[in-house]
Amino acid sequence: MSDAAFDRSAPIPPSAQPARIAALVAAVRARTDLVPRIGLVLGSGLGDLANDVEDAVSIPFADLPGWPAATAPGHVGRLVLGRIAGVPVVVLQGRFHLYEGNSAGLAIQPVLLFRALGAELVILTNAAGGANPAYGAGTLMVISDHINLTGVSPLLGQNADEIGERFTDLTDVWAPAHRAALHAAGAAEGVPLEEGVYVALLGPNYETPAEVRMLRTLGADAVGMSTVIEAIAARWCGLEVCGVSLVTNPGAGYSGVPLSHEEVLEAGAAAGPKLARVIRRFIGGFAG
Ligand code: HPA
């Protein structure tokens, strides 16, 4: 579908999701009958994990009804179904960010699709800045909780009761048992993992130093431009959630040097393989 004919910013209320997700399921089922147990969203620079998928069936976003091609630099837009460590998975390589002008309703469709395809758990990954001054480039942080400062909820508008409740509980979004399993996978791989709070802003500009100090005061350990609305939607539709941030740079103002997307991609490429090992081992725990 060409972007000219497609308004990625058009609001999609929850009540419009069931028909759209059904169309997406049909498009996927025309290509594969694999039922994933786990959905995986790959953040900036982490796309290589998609190459680990065995027996992969790969679907470009543009072939999926209602999905525009991914536009963010460093994001390839495709949905990959197959197996990692023997476990059936669906992997989103690239995601729909709010800062691209996507509606929140569009941004959560991958997660709703994962659920509709049969997944029980979603693993969300992202590149982030370090709001915790102890976090340098390459720090990997298991997400323990989040703060939504995007100013939007993907659940605005008439609810779809067949997908989830009107008022979604977010007490344990970031499931303690999965966090523990991620730490165990990190220890087994010899990869140190921190744990902390992820704050999402709209972007696409990076933060000012004053904003990073404010976020730190509010309890942030990492700051980024994705993930939280997906996590909210995942809980709404009944998926379990866990996630890891790859800190690609100290937050603005900490290091004295300007932030650049190249730096983000470089740090992602450097630390991405370590995170890939952790996630592969974590997923392997679901085998059998
Ligand atoms: N801020 C917000 N998002 C980011 C950053 C940052 O410093 N680094 C990578 N993604």
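Which element gives the largest share of the shell around the ligand? Keep that in mind as you load the file, and remember that you are looking at a predicted model.

**Stop 1: the ligand**

Select the ligand and show the residues around it: Ala 127, Ala 128, Gly 129, Tyr 206, Glu 207, Val 223, Gly 224, Met 225, Thr 248, Asn 249, Leu 259 and Val 264. By type, this shell splits into 7 nonpolar, 4 polar and 1 charged residue.

Now put distance labels on the ligand's nitrogen atoms. Start with Glu 207, where a polar side-chain atom sits 2.7 Å from a ligand nitrogen. Next try Gly 129: here a polar backbone atom is 3.3 Å from a nitrogen of the ligand. Then go to Thr 248, whose side chain places an N or O atom 3.5 Å from a ligand nitrogen. Switch on a surface as well: the ligand taken alone exposes 260 Å², and the protein buries 96% of that.

Colour by secondary structure and you can see where the shell comes from. Strand 5 (121-130), strand 8 (222-224) and strand 9 (240-250) are the elements that give two or more residues to it. Back to the opening question: strand 5 provides the largest share, with 3 residues.

**Stop 2: the nonpolar cores**

Hide the ligand and pick Trp 67, Leu 79 and Phe 114. Within the largest nonpolar core, which has 53 residues, these three touch the most other members. Add helix 6 (residues 228-236) to the view, since the biggest contribution to this core, 7 residues, comes from that helix.

Zoom in on Phe 114. Leaving out residues up to four places away in sequence, Phe 114 touches Gly 39, Leu 40, Val 41, Leu 79, Val 90, Leu 92, Ala 119, Val 122 and Leu 239. There is also a second, separate core of 30 residues, and Val 80, Ile 84, Val 142 and Ala 276 are among its members.

**Stop 3: helix 3 and what follows**

Is helix 3 largely enclosed or not? Count its buried residues: 7 of the 9 are buried, so the helix is largely enclosed by the rest of the structure. To see them, select Gln 109, Pro 110, Val 111, Leu 112, Leu 113, Phe 114 and Leu 117.

Step just past the helix to Gly 118, which takes a positive phi of about 120°. Go on to Glu 120, in the loop between helix 3 (109-117) and strand 5. Glu 120 is partly exposed, because its relative accessible area is 42%, which falls between the 20% and 50% cut-offs. Its contacts, apart from residues up to four places away in sequence, are Arg 37, Arg 115, Leu 239 and Glu 240. For a sense of scale, draw a line from the C-alpha of Glu 120 to that of Pro 192: the two are 72 residues apart along the chain and separated by 27 Å.

**Stop 4: His 178**

Jump to helix 4 (residues 176-189) and pick His 178. Buried or exposed? His 178 counts as buried, because its relative accessibility is 10%, and buried means under 20%. Show what surrounds it: beyond residues up to four places away in sequence, His 178 touches Leu 121, Glu 240, Val 241, Cys 242, Phe 282 and Phe 286.

**Stop 5: Gln 93**

Select Gln 93 in strand 4. At a relative accessible area of 7%, Gln 93 is buried. Label the polar contact between the side chains of Gln 93 and Arg 78, and you should get 2.4 Å. Setting aside neighbours within four places in sequence, Gln 93 is in contact with Gly 47, Ala 50, Phe 61, Val 76, Gly 77 and Arg 78.

**Stop 6: backbone oddities**

Bring up the backbone torsions for the last stop. Most residues other than glycine have a negative phi, and most peptide bonds are trans.

- Asp 55, in strand 2 (residues 54-60), has a positive phi near 50°. With 65% relative accessibility, Asp 55 counts as exposed.
- Ala 85 sits in the loop between strand 3 (78-84) and strand 4 (87-93). Phi of Ala 85 is positive too, near 50°, and the residue is partly exposed at 26% relative accessible area.
- Gly 203 and Pro 204 are joined by a cis peptide bond, with omega about 0°. To find Pro 204, look in the loop between strand 7 (194-200) and helix 5 (209-218).

Key:
Residues numbered from 1 in each chain as written. Predicted model: local features only at pLDDT ≥ 70, side-chain atom pairs only at ≥ 80, totals over all residues. Heavy atoms only, no water. Near = heavy atom within 4 Å. Polar contact = N/O pair within 3.5 Å; in protein donor to acceptor, adjacent residues only side chain to side chain. Areas by Shrake-Rupley, 256 points an atom, 1.4 Å probe, with all protein chains shown as cover. Helix = DSSP H or I, 4+ residues; strand = E, 2+ residues; numbered from the N terminus. Nonpolar A, V, L, I, M, F, W, Y, C, P; charged D, E, K, R; others polar. Core = buried A, V, L, I, M, F, W, Y, C linked by side-chain atoms within 4.5 Å. Buried < 20%, exposed > 50% of the residue type's maximum accessible area, 1.4 Å probe, protein only. Contact = heavy atoms within 4.5 Å.
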